[in-house]
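Work through the exercises below with the structure in view. Each task is followed by its solution.

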Amino acid sequence: MVWWPFGPYMDYARKAVTETVPPCCCRTRRQGDMQFMNEVSDAELLRVIKDFLEMGHVDNIVAMFYRESRYFEWTGAILDDKRFAVRLGVSVLFEELQARQCASLYLAVPSLSTLLSSEDPLLRGEALSVLAIINDQSLRDQALTLRNDKDSQVREIAEDVLASI
């Protein structure tokens with residue numbers, strides 16, 4: 001079951017999904033004469049998460065991540081967005097989850113580690129920054145590797161991460 005974002009923006013999420021999702025992407029059930037949506041495709045939910053982060057509604061996404069730990073596996077896909085506000089939102093999201101001592105943070109490590117080998121230096125740097133927030137055991141080795149990156153900004157982030165360990 002997919003959980004909708006909470007709060008006053010629930011209508012936005014429903015509208016965004018119901019207006020753009022073709023019938024083959026969602027399963028519905030009939031109850032009387034009304035039709036209720038009970039599942040949303042992962043692609044549409046991923047889009048809604050990114051849109052909410054862009055709008056600054058991190059608390060809604062924190063609640064979603066607490067309810068459904070599989071969203072941590074999407075961190076790399078969420079971070080791989082051209083919008084600066086979305087990427088910044090991922091950092092804020094993980095800082096908040098870390099502050100609340102969320103036990104599922106480690107589930108994001110594989111998807112973030114994949115981005116460390118991306119062609120895009122921006123993604124490599126952003127992924128390393130979020131991994132630093134998570135403070136996973138593999139962080140030191142990954143930062144040591146990126147200390148020799150061809151991009152100067154990625155090297156600088158790796159040096160900062162190593163200095164903070």
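**Exercise 1: a helix pair**

Helix 7 and helix 9 run roughly parallel to each other (an angle under 35 degrees). The model is predicted, with pLDDT of at least 70 needed for local features and 80 or more for side-chain atom pairs, while totals for chains, interfaces and linings use all residues. Numbering starts from 1 along each chain, and side-chain values use heavy atoms, without hydrogens and water.

Task: find the angle and the axis distance for helix 7 and helix 9, then list the residues that meet.

Solution. Step 1: helix 7 (residues 121-134) packs against helix 9 (residues 152-164) at about 10°, and their axes are 9 Å apart. Step 2: from helix 7, Pro121, Arg124, Gly125, Leu128, Ser129 and Ala132 touch Val154, Ile157, Ala158 and Val161 of helix 9 (contact means heavy atoms within 4.5 Å). Step 3: by class, this contact has seven nonpolar, two polar and one charged residue.

**Exercise 2: a salt bridge**

Task: state how arginine 70 and aspartate 42 are joined, and where each lies.

Solution. Step 1: their side chains form a salt bridge, 3.3 Å from N to O (the cut-off is a side-chain nitrogen of Lys or Arg within 4 Å of a carboxyl oxygen of Asp or Glu). Step 2: arginine 70 is in the loop between helix 3 (58-67) and helix 4 (75-79), and aspartate 42 is in helix 2 (residues 42-55), 28 residues apart. Step 3: the whole structure has twelve salt bridges.

Conventions: Axes fitted to C-alpha atoms, helices over the stretch in contact; angles between N-to-C directions. Helix = DSSP H or I, 4+ residues; strand = E, 2+ residues; numbered from the N terminus. Parallel < 35°, antiparallel > 145°, perpendicular 65-115°, else oblique. Nonpolar A, V, L, I, M, F, W, Y, C, P; charged D, E, K, R; others polar.
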